Amino acid sequence: MVNSLFLYAIVKVWIEVESHQYNPAISPVVYQYLVAPQLGKTTDQSVIDANLEKLEKVLDVYEERLSRTKYLAGDFYSLADLHHLPYTFYFMRTPWASLVHDRPHVRAWWADISSRPAFKKVPVGMTFGLK
């Protein structure tokens, strides 16, 4: 019982990290690069630059974590990883995908979670803003 409660707590922590650190840094980049032009708005490079700086710091934390475990919450795939799929999918189609590729553990984690059979079916419908 204690073990499952501990694992639940770790998953919840990483879901919160995604919600309060990762998402606020990555979503403005995706919005400015892919969504704003679709809405007839001009891309604001200063917003992209400021958030890429934040995202780099978050990804450095992820790199350190993923150097010790296969997935964010441990050596098991969980909702903590799943929550990262949508924005990271779109981010990887921007010119700044190197932020993920340049971190070997983050790159391996992304390759793993984005190559799962269930997720491979999803991108067929994720075409908004892709050039």
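These are my notebook entries on helix 2, its packing against helix 6, and three buried residues in a predicted model.

**Entry 1: helix 2 by itself**

I looked up the extent of helix 2 first. Helix 2 runs over residues 45-66 and has 22 residues. From first C-alpha to last, helix 2 reaches 30 Å, which is close to the 32 Å expected at 1.5 Å a residue.

Next I asked which residues of helix 2 are buried. The list is Ile48, Asn51, Leu52, Leu55, Val58, Leu59, Tyr62, Glu63, Arg65 and Leu66. These residues cover an arc of only 150 degrees around the axis, so they sit on the same side of helix 2. I noted the general background: with 3.6 residues a turn in an α-helix, residues three or four places apart point the same way.

**Entry 2: helix 2 against helix 6**

I then looked up how helix 2 packs with helix 6, which covers residues 104-114. The packing angle is about 80 degrees, and the axes are 7 Å apart. Angles of 65 to 115 degrees count as roughly perpendicular, and helix 2 and helix 6 are therefore recorded as roughly perpendicular to each other.

I listed the residues that make the contact. Helix 2 contributes Leu59, Tyr62, Glu63 and Leu66, while helix 6 contributes Pro104, His105, Val106 and Trp109. By class, I have 6 nonpolar, 1 polar and 1 charged residues in this contact. Leu59, Tyr62, Glu63 and Leu66 also appear in my list of buried residues of helix 2.

**Entry 3: Asp112**

Is Asp112 buried or exposed? I found Asp112 in helix 6. Its relative accessibility is 19%, and the cut-off for buried is under 20%, so Asp112 counts as buried. Leaving aside neighbours within four places in sequence, Asp112 is in contact with Lys70 and Tyr71.

**Entry 4: the loop between helix 2 and helix 3**

I checked two residues in this loop. Gly74 lies in the loop between helix 2 and helix 3, and Ser78 is found there as well. Helix 3 itself covers 79-82.

Gly74 is buried, at a relative accessible area of 8%. Not counting residues up to four places away in sequence, Gly74 touches Arg65 and Thr69. Arg65 is one of the buried residues of helix 2. I also looked up a pair distant in sequence: Gly74 and Leu7 are 67 residues apart along the chain, and their C-alpha atoms are 8.2 Å apart in space.

Ser78 is buried too, with a relative accessible area of 10%. With residues up to four places away in sequence not counted, Ser78 touches Val11 and Ala73.

Technical notes:
Residues numbered from 1 in each chain as written. Predicted model: local features only at pLDDT ≥ 70, side-chain atom pairs only at ≥ 80, totals over all residues. Heavy atoms only, no water. Axes fitted to C-alpha atoms, helices over the stretch in contact; angles between N-to-C directions. Helix = DSSP H or I, 4+ residues; strand = E, 2+ residues; numbered from the N terminus. Parallel < 35°, antiparallel > 145°, perpendicular 65-115°, else oblique. Contact = heavy atoms within 4.5 Å. Nonpolar A, V, L, I, M, F, W, Y, C, P; charged D, E, K, R; others polar. Expected span 1.5 Å × (residues − 1). Buried < 20%, exposed > 50% of the residue type's maximum accessible area, 1.4 Å probe, protein only. Arc of directions from axis to C-beta.
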